[in-house]
Amino acid sequence: MTLLAARPDAAAPRTPRPPTALDRLRPRTPHDTVRGWVVTIAVTAIAAVTRLWAIGFPKEKIFDEVYYPVNAVEILRQGYENNPGRLYVVHPPLGKWCIAAGIKLFGNNAVGWRFPTAVAGIVAVFLLIRITRRITGSTLLGGVAGLLLSLDGLSLVMSRTSLLDIFLQPFVLAGFGCLVLDREQIRRRLAESVAAKMVTGLGPALGPRPWRLAGGVLLGASCGIKWNGVYFLAGFAILSAFWDRAARRSAGVRRPTRCTVVRDLPAAVFALAIVPVGAYLLTWTGWFLGENGYDRHWAADHPSKWGFIPGPLRSLWHYQAETLKFHEGLSSYHPYRSQPWAWLVDARPVNFYYPKNVTGCGADSCVRQIVSLGTPALWWMFIPAMFWMLWLLISRRDWRAGAVLMAFLAGWATWLENTSRTMFFFYMVPLVPFMVLGVSLLLGDMLGRREASETRRILGLVGICTYVALVVINFAWLWPVLTGAKITYSGWQARMWFSSWI
C-alpha cells in the first residue's frame, strides 16, 4: 500500500482552511524520487521490449515504407531529397533524417529503417510517465499512463514501422513537458513575489523563461516532421498564455488579462511563434545547402515584387504552397481510408502486411498480419475520458483537463476541416499520449483524493488494477496481428471482431 498517500489521522479531523495565494501558486511535485525512477525505468523497459523484439521482421518494406527509407537514403547520400519522376516529396525532412540515422547505424535494412521509430515510441512512453507523474503528483498514475501507452496497439505498430507519424509523439510530448515546467517555474517566481509582498500594479516581470523557449524549439521541430505538428504548437501556445493569466490571477494581480498582455505576450510571441519558425527552417538545412533539391532554384526563374526576400526562402515558400495544394486535393480512393469520427472508436485500422500462401501454423490455413489496430480496452475509454475532462474543466477548472482537451482539439478536431481528403486512422498517433493522459486522470479520480478514507482508496486501487489488467489481456490477445506472428485462420478470425477491421 506504499503507493497510496497517507491520510490524516481519522481521530483528529481538521477543518480544511481556504487555500492562500501561496498554496495556489506552489506546484505539488512528488517527493518519492527513487520510487519514481524505478517505476519509470521498469515501464519504459516494457515498452522497449515490445517495440524492439524481432523488429527486423518482415525483412521487406511494408505499406508506406516504400517511401520514407528511400528518402532517408537520399538524405544520407547528398543531404536532401531529390526524386524527380519517382516520388514527390510532400513531407518535411526531420523524420526522414531520424530514419537516416538508423540506416547509418545498422545499414539499409529493416532494422535500420525501423530502429529510429522504435526509439521514438520508447521515448514517448518515458516522457508520458514523467509528465503525468509531474502534473498529478502521483508515481502510480505516471506508471499507469506509461504502461497504457506501451500497451496501445496503434502506437506499437507505428513504433515498429518506418513511417513518420510516430516521431511526432516524442517531439510534441517533450514540447508540452517543457511548457509544463515553464508553468511551474513562473508560479514559483510569483509565489516568491507574493511572499515578499511585491505584487503591485501589473505584477512583477517573470524574468528569463528557458523552458518556454525549449518548448518552442521542440514544437517547431515537430512541424519539421509533419505539418500537423503546427496545430499542437498553436494549441499549446494559447494554453501557455492562459496559464500565465491564471498564475497572475492567483498571485492577486487586479487586472490579470492586461498584465499578461503587457508583461508576457511579447516574449511569448517570440518563444512560441518566431522561434518555432526558426526551428522549422533549420530542419531544411540540407535542402538550403544542396543544389538540386526539389524547387531549390524556383525563385531564380520567377522574379517577384518580393524580390528583397532571399531566393532560397522564396523557393521554399513556393515549394510549401505546392505541397499544401497536394495535401488539400488528395482525395484518391484507398481501401483503408477512414473519417475522423471513426478513429475515436477504433473502427477502421489500416492493414500494413498480409502475405499470401502462409504455412506452418499446424492448420490447413495460416495467416500473418500487421494491422494498425488500437487496443480496444484502451481506445473505448477515450470518449468517456474526454467527457470527464470537460466536466473537470467546468466544475473544478482543472488545468490538466484543459490541456488534454486542447490536445484533443489540435490532434483530432482539426482533421474535420477537410473531410473529403484521403485520411487514415494512424493520423491519431501523436494524440494518443494525451488521450491516455485523460484516461489516467479519470483513473486518478477513481482512486480518490488523498484525504479520502483508506477503504475508498483501496477500492479505487482495485478498480485501477482491474482496468489495467483488462488492457494487458486485450493487448496480449491482439499481439499476433500487431506483429505479424503466424496464427491459424480461425485464430485470426477470432481477433477480427468487426468486419470493418478486415
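**Exercise 1. Work out whether Glu184 is buried or exposed, and look at its salt-bridge partner in this predicted model.**

Step 1: Start with the accessibility. Glu184 has 5% relative accessibility. The cut-off for buried is under 20%, so Glu184 counts as buried.

Step 2: Now find the partner. Glu184 makes a salt bridge with Arg188, and their closest N and O atoms are 3.7 Å apart.

Step 3: Check the partner in the same way. Arg188 comes out at 35% relative accessibility, so this residue is partly exposed.

Step 4: Place the pair on the chain. Glu184 and Arg188 both sit in helix H8, 4 residues apart, which is about one turn of the helix.

Step 5: Some salt bridges go beyond a simple pair. Asp182, Arg209, Arg212, Asp244, Arg248 and Asp264 are joined into one network by salt bridges that share partners.

**Exercise 2. Describe the salt bridge between Glu74 and Arg77, then say how exposed each residue is.**

Step 1: Take the distance. The closest N and O atoms of Glu74 and Arg77 are 3.8 Å apart. The limit is 4 Å, so the pair passes as a salt bridge.

Step 2: Find the location. Both residues belong to helix H3, which covers residues 68-78, and they are 3 residues apart, about one turn of the helix.

Step 3: Compare accessibilities. Glu74 is buried at 4%, whereas Arg77 is exposed, with a relative accessible area of 56%.

**Exercise 3. Find which parts of the chain are linked by the salt bridge of Lys226 and Asp165.**

Step 1: Check the contact. Lys226 and Asp165 form a salt bridge with their closest N and O atoms 3.0 Å apart.

Step 2: Locate both ends. Lys226 is in the loop between helix H9 (210-223) and helix H10 (229-250), while Asp165 is in the loop between helix H7 (153-159) and helix H8 (168-195). They are 61 residues apart, and the pair links distant parts of the chain.

Step 3: Look at burial. Lys226 and Asp165 are both buried.

Step 4: Zoom out. Counting by the same rule gives 16 salt bridges.

**Exercise 4. Classify the aromatic pairs Phe176 with Phe434 and Phe408 with Trp412.**

Step 1: Get the overall count. The whole structure holds 38 aromatic pairs.

Step 2: Take Phe176 and Phe434. Their ring centres are 5.4 Å apart and their planes make an angle of 80 degrees, which is edge-to-face. Phe176 is in helix H8 and Phe434 in helix H18 (residues 432-447), so this pair ties together parts that are 258 residues apart in sequence. Both Phe176 and Phe434 are buried.

Step 3: Take Phe408 and Trp412. Here the centres are 5.1 Å apart with 15 degrees between the planes, so the cut-off of under 30 degrees makes the pair stacked. Phe408 and Trp412 are buried too.

Step 4: Look for a bigger group. Phe63, Trp343, Phe352, Trp415, Phe424, Phe426 and Tyr427 are linked into a cluster by ring pairs.

Step 5: Finish with charges over rings. Arg183 lies over the face of Trp399, 3.8 Å from the ring centre. Arg495 lies over the face of Trp477, also at 3.8 Å from the ring centre.

**Exercise 5. Check how confident the predictor is, along the chain and in residues 5-13.**

Step 1: Take the whole chain. Its mean pLDDT is 90, and 93% of its residues reach 70 or more.

Step 2: Look at residues 5-13. Their pLDDT stays under 50, and the model has 8 contacts beyond four places in sequence for them.

Terms used
Residues are numbered from 1 along each chain as its sequence is written. This is a predicted model: local features need pLDDT of at least 70, side-chain atom pairs count only at pLDDT 80 or more; totals for chains, interfaces and linings use all residues. Side-chain values use heavy atoms; hydrogens and water are left out. A salt bridge is a side-chain nitrogen of Lys or Arg within 4 Å of a carboxyl oxygen of Asp or Glu. Helices (H or I, at least four residues) and strands (E, at least two) are DSSP runs, numbered from the N terminus. Buried means under 20% relative accessible area, exposed over 50%, partly exposed in between (1.4 Å probe, protein chains only). pLDDT is the predictor's confidence in each residue, from 0 to 100. Contact means heavy atoms within 4.5 Å. Rings of Phe, Tyr and Trp (its six-membered ring) pair if their centres lie within 6.5 Å; planes under 30 degrees apart count as stacked, over 60 as edge-to-face and the rest as tilted. A charge sits over a ring if NZ of Lys or CZ of Arg is within 6 Å of the ring centre and within 35 degrees of the ring normal.
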